[in-house]
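The following questions and answers guide a first-year student through a protein model. Please keep the sequence and the structure in view while reading.

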Amino acid sequence: LDSRLVLGIETSCDDTGAAVMDETGRILGESSHTQKDVHLKTGGIIPVVAQRLHKENIARVVQEALDKSGIAPRDLSAVATTVKPGLALSLGIGLQYSLNFIQEHKMPFIPIHHMEAHALTVRMIQSVPFPFLVLLISGGHCLLAVARDIDDFLLLGQALDEAPGDTLDKVARRLSLVKHPKCSTLSGGQAIELMAQEGNRLKFHFKSPMGQHYDCNFSFAGFRNQVTQVISKKEEDEGIQPGEILSCVSDIAAAAQYTVASHIAKRTHRAILFCKAKGLLPQNSPSLVVSGGVACNQYIRKTLQIVTDATGLDLHCPPAKLCTDNGVMIAWNGVEKLRKGKGIVAHTANIRYEPK
Ligand code: KG4
Ligand code: ZN
């Protein structure tokens, strides 16, 4: 047992996650608890509710990860925990739990940046050398950055209003897709992807956002307004009440997915051209890494593949399970920091973090 072991803990949003990992990136045990169905009922995350659910579940989730790994706390080399960014109340539960844990078992702490962890997860599966371009797209995140090292990121652009997963979730809710027999157990983004498969995207046209903005930022709120207006108009035309399902629901889903995909692809294309002009990526096999819940969307992946094929980049997406929030990505980030001896904090230190 020479390999050092890291316990990773994630509580930044609505997933309580824990994982035990060895220095090679092997997952020895993992566990998670999602609050998504609770938040679905209230139509969004209520921070105090998220906090309470993290509090109720964290000890059990961590214990389960340890039990599965057969590792005792004293055999761990460090605890790595998300300290930002995220919901302050949610982050606080993971942080407090971790600080108690490291003080009790006298081991160092590795603070983890949630976005950096998403960005680096792919390196657990395959070797993607620095620097590489990374696109994070989920319900809470939307950004393009150059990952230059495990602790060195250059932000190129981000969403100015809302993240694409959030937009897709809201559109799905407006279309009442949970009531559709095929979609009852799916997230909004998954429901849109499924419905879009049977739809004709050309039946509706939504304006692509930010055509005149020569930067790498994103915007989805205006697009969502357009979709909402079209849905209201169609409900009137078909003489149905909001909450009932439109006959053209798949066509709207297809057109909405197309617009989201093409906006993401266009901003990513700009970022690639910028990186090339500034020499920010290696000449030899530069890479685009795509992660976050929305990266699970096959249509969006295929659209991005067109962009990377045209610009000579390799496209890497971690497997779906690793794209969404989990303890494994936090443990992996801890392992990378432990290996490089970077960002490790003694248990005796005075530890405080801001959620932003
Ligand atoms: O990464 P994640 O689990 O949580 C955060 O938002 O941080 O991502 C969840 C988001 C939700 O908005 C969900 O609708 C979206 O990812 N999503 C998808 C798909 N699967 C999940 N969006 C589009 N297509 C999908 N297949
Ligand atoms: Zn996330």
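Q: By class, how many nonpolar, polar and charged residues does the shell around ligand 1 have?
A: The model is a predicted one. In it, 21 residues surround ligand 1, the closest being Gly 139, Gly 165, Gly 189, Gly 293 and Thr 324. Glycine is counted as polar in this classification. By class, the shell has 4 nonpolar, 13 polar and 4 charged residues.

Q: Which helices each supply at least two residues of the shell around ligand 1?
A: Among the closest residues to ligand 1 are Gly 165 and Gly 189. The helices that each supply at least two residues of the shell span residues 164-174 and 188-196, and they are α5 and α6.

Q: Is strand β6 largely enclosed or exposed?
A: One side of β6 carries Phe 132, Val 134 and Leu 136, and the other carries Leu 133, Leu 135 and Ile 137; these residues are all buried, which leaves both faces covered. Because 6 of the 6 residues of β6 (residues 132-137) are buried, the rest of the structure leaves the strand largely enclosed.

Q: Which strand runs antiparallel to β6, and how many bridges join the two?
A: A hairpin of 4 residues leads from β6 to its partner, β7. Within this pairing, Leu 133 has Val 146 as its bridge partner. The antiparallel strand is β7 (residues 142-149), and the number of bridges is 6.

Q: Which strand pairs with β6 in the parallel sense?
A: One bridge of this pairing places Leu 136 opposite Ser 291. The pairing extends over 4 bridges, and the parallel partner, residues 287-291, is β9.

Q: Why does Leu 135 count as buried or exposed?
A: Leu 135 is part of strand β6. Beyond its sequence neighbours up to four places away, it touches Leu 144, Thr 268, Leu 288 and Val 290. A residue is buried if 20 or more other C-beta atoms lie within 10 Å of its own. Leu 135 has 29 C-beta neighbours inside 10 Å, so it counts as buried.

Q: How far apart in space are Leu 135 and Leu 89, C-alpha to C-alpha?
A: Leu 135 lies in β6. In sequence, Leu 135 and Leu 89 are 46 residues apart; in space, the C-alpha to C-alpha distance is 27 Å.

Q: How many of the residues of α5 are buried?
A: The buried residues include Pro 164, Gly 165, Asp 166 and Thr 167. Their cover includes β6, β7, α6, α7 (221-238) and α8. The helix is mostly covered, and of its 11 residues the number buried is 8.

Q: What is the phi of Ser 176, and where does this residue lie?
A: Ser 176 counts as partly exposed because it has 16 C-beta neighbours inside 10 Å. It belongs to the loop between α5 and α6. This residue comes just after α5, and its positive phi is about 55°.

Q: Does Ser 285 count as buried or exposed?
A: Ser 285 lies in the loop between α8 (249-278) and β9. Its phi is positive, near 30°, although it is a residue other than glycine. A residue is exposed if 12 or fewer other C-beta atoms lie within 10 Å of its own. Ser 285 has 12 such neighbours, so it counts as exposed.

Q: Which residue does a cis peptide bond join to Lys 84?
A: The residue in question lies in the loop between β4 (78-84) and α3 (88-105). The bond has an omega of about -15°, and the residue joined to Lys 84 is Pro 85.

Q: What is the omega of the peptide bond from Phe 130 to Pro 131?
A: Pro 131 is placed in the loop between α4 (114-120) and β6. The peptide bond that leads to it from Phe 130 is cis, with omega near -10°.

Q: What is the radius of gyration of the protein chain?
A: The C-alpha atoms fill a box of roughly 65 × 50 × 30 Å along the principal axes. A compact globule of 356 residues would have a radius of gyration near 21 Å, and the chain agrees with this, at 21 Å.

Conventions
Residues numbered from 1 in each chain as written. Chains lettered and ligands numbered in written order. Predicted model: local features only at pLDDT ≥ 70, side-chain atom pairs only at ≥ 80, totals over all residues. Pairing = 2+ DSSP bridges. Near = placed C-beta within 6 Å. Rg over C-alpha atoms; globule rule 2.2 N^0.38 Å. Contact = placed C-beta atoms within 7 Å.
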